[in-house]
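Reader: I'm new to looking at protein models and I'd love a close look at one single part. Could you pick a spot in a loop, go through it slowly, and then show me how the rest fits around it?

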Amino acid sequence: MAKHNSLSDYASRRFRFAGNALLQYHDPFFAQIDRLRADFEAKGTHFVSFANYDYLGLANHPKILEEADRELHRLGVGALASRLVGGERSTHKPFEAEIAEFLGMEAALTLVSGYLANVTTISWLLGKRDALFIDELAHNSIVAGCEASPAEVIKFRHNDFEHLDHLLAKKRQDFRHVLIVVEGIYSMDGDTADLPRLVELKDRHDAWLMVDEAHSLGVLGETGRGLAELQGVDPGRLDLVVGTMSKTLASCGGFVCAKKPVIDWFRYTLPGFVYSVGLSPVILASARTALRLMQEESWRVGKLARNAELFRDYAHANGLSTGPAIGRGVVPILFQDSVETMWASQHLLGLGFYVPPIVQIGVPKDQPRLRFFLSANHSEDEIRAVLDALRDLPPVAAEAHELVKKAMA
Ligand code: PMP
């Protein structure tokens, strides 16, 4: 008889990774941040999260809460079906028109998450005789889309456009259609792609270009219109822009923008849209209000930029490494090993700063980090205080290393 092989045992084996031994001391993941905030406030101290995406500090804006509440009572929470066959709310298309216009694109289509927007668009767009050229540090949702695509997937070195040029020159003729996929801000490193160069490459090699602006909407460019605005590229030159409402727009849901014929086609055929529910009217009202507020309260984009630059510069002054980050919404602090990173996160939490460690998942094993999401709501004092705490980090307790060694044995 076959040896019993339980799914739970299999899961436990696969779950083991070096850092999880430190969870015996303290688990930095899945923290109940509302409760933590309340606990710190009850003690008369401050709790500051650097782990949340609220780039422009809109998450608790009274106008967003008011509009969400109004929509909740007008239309309820659920969209209750795929829009194609269940009908849509009067707010779906106006939001899509507004986000497309804001980004300088012709049309947009919303999906229930940014992750889904990438997976479904990338996996569905191309066929067998086509190719996807993606940055080696592309977000998991881009990679997952590639894995599900019949097209050949070719990775180029991170932000190395000489390499991309070389690969295109060598391989372009083997394929019918080619899509290059990059990100506006890379979510683990906080750096950007060179869009003018990419537009030149796409023209020369007859390729299409998709930019994931998940972390750059509201963050890059003087008015937060993303990488194209920052680098002075006409958004009309981009074939596809993907984004999310979960970050700057302080809500959730994703979108894909393109020329009108592309979006018309997607509206009737894109699997992640056709076979999934429409966005909740409450979510739409929140995101739509956030998009309006970004423009009305335009000082927020500048405030975030000043905060992020202060963070990067002060980190350097404190002898900390921020890698290639340009100093906008995402800035990592790099560490030598996973245990030290877990330790630092635990230490910061004790002081009221929530910054979970990024170890093993999402980054190479030898490049652990604390990833900071900056917000227009952070104060300069908070930024200096958290970086001072990191500069003065106590040495990792010997038992921590022992625990990890034991767990890995
Ligand atoms: N693209 C990138 C670059 C991301 O970092 C993320 C999530 N962090 C997504 C897409 C997915 O967005 P969402 O969380 O809204 O599903």
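**A glycine in a loop**

Author: Let's start with G218, which sits in the loop between strand 6 and helix 10. Keep in mind that this is a predicted model. Is G218 buried or exposed? Count the other C-beta atoms within 10 Å of G218 and you get 29. A residue counts as buried if 20 or more lie within that distance, so G218 is buried.

Who are the neighbours? If you skip residues up to four places away in sequence, G218 touches Y55, L56, G224, T248, M294 and V301. To get a feel for distance, try P261 too: G218 and P261 are 43 residues apart in sequence, and their C-alpha atoms are 27 Å apart in space.

Now follow the chain to helix 10, which covers residues 227–230 and holds E229. Here the count is 19 C-beta neighbours inside 10 Å, so E229 counts as partly exposed. Leaving out neighbours within four places in sequence, E229 is in contact with L220, G221, E222 and T223. L75 is another matter: E229 and L75 are 154 residues apart along the chain, with 36 Å between their C-alpha atoms.

Go back to the other end of our loop and you reach strand 6 (208–212), and between helix 9 (195–204) and that strand is another loop, the one that holds D206. What is phi like at D206? Phi is positive there, about 55°, although D206 is not a glycine. D206 has 11 C-beta neighbours inside 10 Å, and 12 or fewer is the cut-off for exposed, so D206 counts as exposed.

F30 makes a nice partner for D206. Phi of F30 is near 55°, again a positive value in a residue other than glycine. F30 is in a loop as well, the one between helix 1 (7–15) and helix 2 (33–42). With 7 other C-beta atoms within 10 Å, F30 is exposed.

Past helix 2, in the loop leading to strand 1 (48–49), you find H46. Its count is 15 other C-beta atoms within 10 Å, so H46 is partly exposed. H46 touches F40 and G352, once residues up to four places away in sequence are set aside. A131, by contrast, lies 85 residues from H46 in sequence and 50 Å away, C-alpha to C-alpha.

So much for single residues; next come pairs of helices. Helix 9, which we met beside D206, packs against helix 8 (residues 161–171) at an angle of about 5°, with the two axes 11 Å apart. That angle makes helix 8 roughly parallel to helix 9. On the helix 8 side the contact uses F161, L164, D165 and L168, and they meet R197, L198 and L201 in helix 9. Sorted by class, this contact has five nonpolar residues, no polar ones and two charged ones.

Another pair is helix 5 (residues 92–102) and helix 13 (residues 281–296), whose axes come within 10 Å and cross at roughly 30°. Since angles under 35 degrees count as roughly parallel, helix 5 and helix 13 are roughly parallel to each other. The crossing is left-handed. H92, F95, E98, I99 and F102 in helix 5 meet L284, A287, R288 and L291 in helix 13. That contact has six nonpolar residues, one polar and two charged.

Last pair: helix 14 (residues 299–317) and helix 16 (residues 380–391) have axes 10 Å apart and pack at an angle of about 25°. That makes helix 14 roughly parallel to helix 16. The crossing of these helices is right-handed. Look for N307, L310, F311, Y314 and A315 in helix 14, which meet E380, I383, R384 and L387 in helix 16. By class, the contact of helix 14 with helix 16 has six nonpolar, one polar and two charged residues.

One more stop: the ligand. Which of the 15 residues around the ligand come nearest? They are G114, S187, A214, T244 and S246. Helix 6 (residues 114–125) gives the largest share of the shell around the ligand, three residues. Split by class, that shell has three nonpolar, ten polar and two charged residues.

Terms used: Residues numbered from 1 in each chain as written. Predicted model: local features only at pLDDT ≥ 70, side-chain atom pairs only at ≥ 80, totals over all residues. Axes fitted to C-alpha atoms, helices over the stretch in contact; angles between N-to-C directions. Helix = DSSP H or I, 4+ residues; strand = E, 2+ residues; numbered from the N terminus. Parallel < 35°, antiparallel > 145°, perpendicular 65-115°, else oblique. Left-handed = near helix turned anticlockwise from the far one by under 90°. Contact = placed C-beta atoms within 7 Å. Nonpolar A, V, L, I, M, F, W, Y, C, P; charged D, E, K, R; others polar. Near = placed C-beta within 6 Å.
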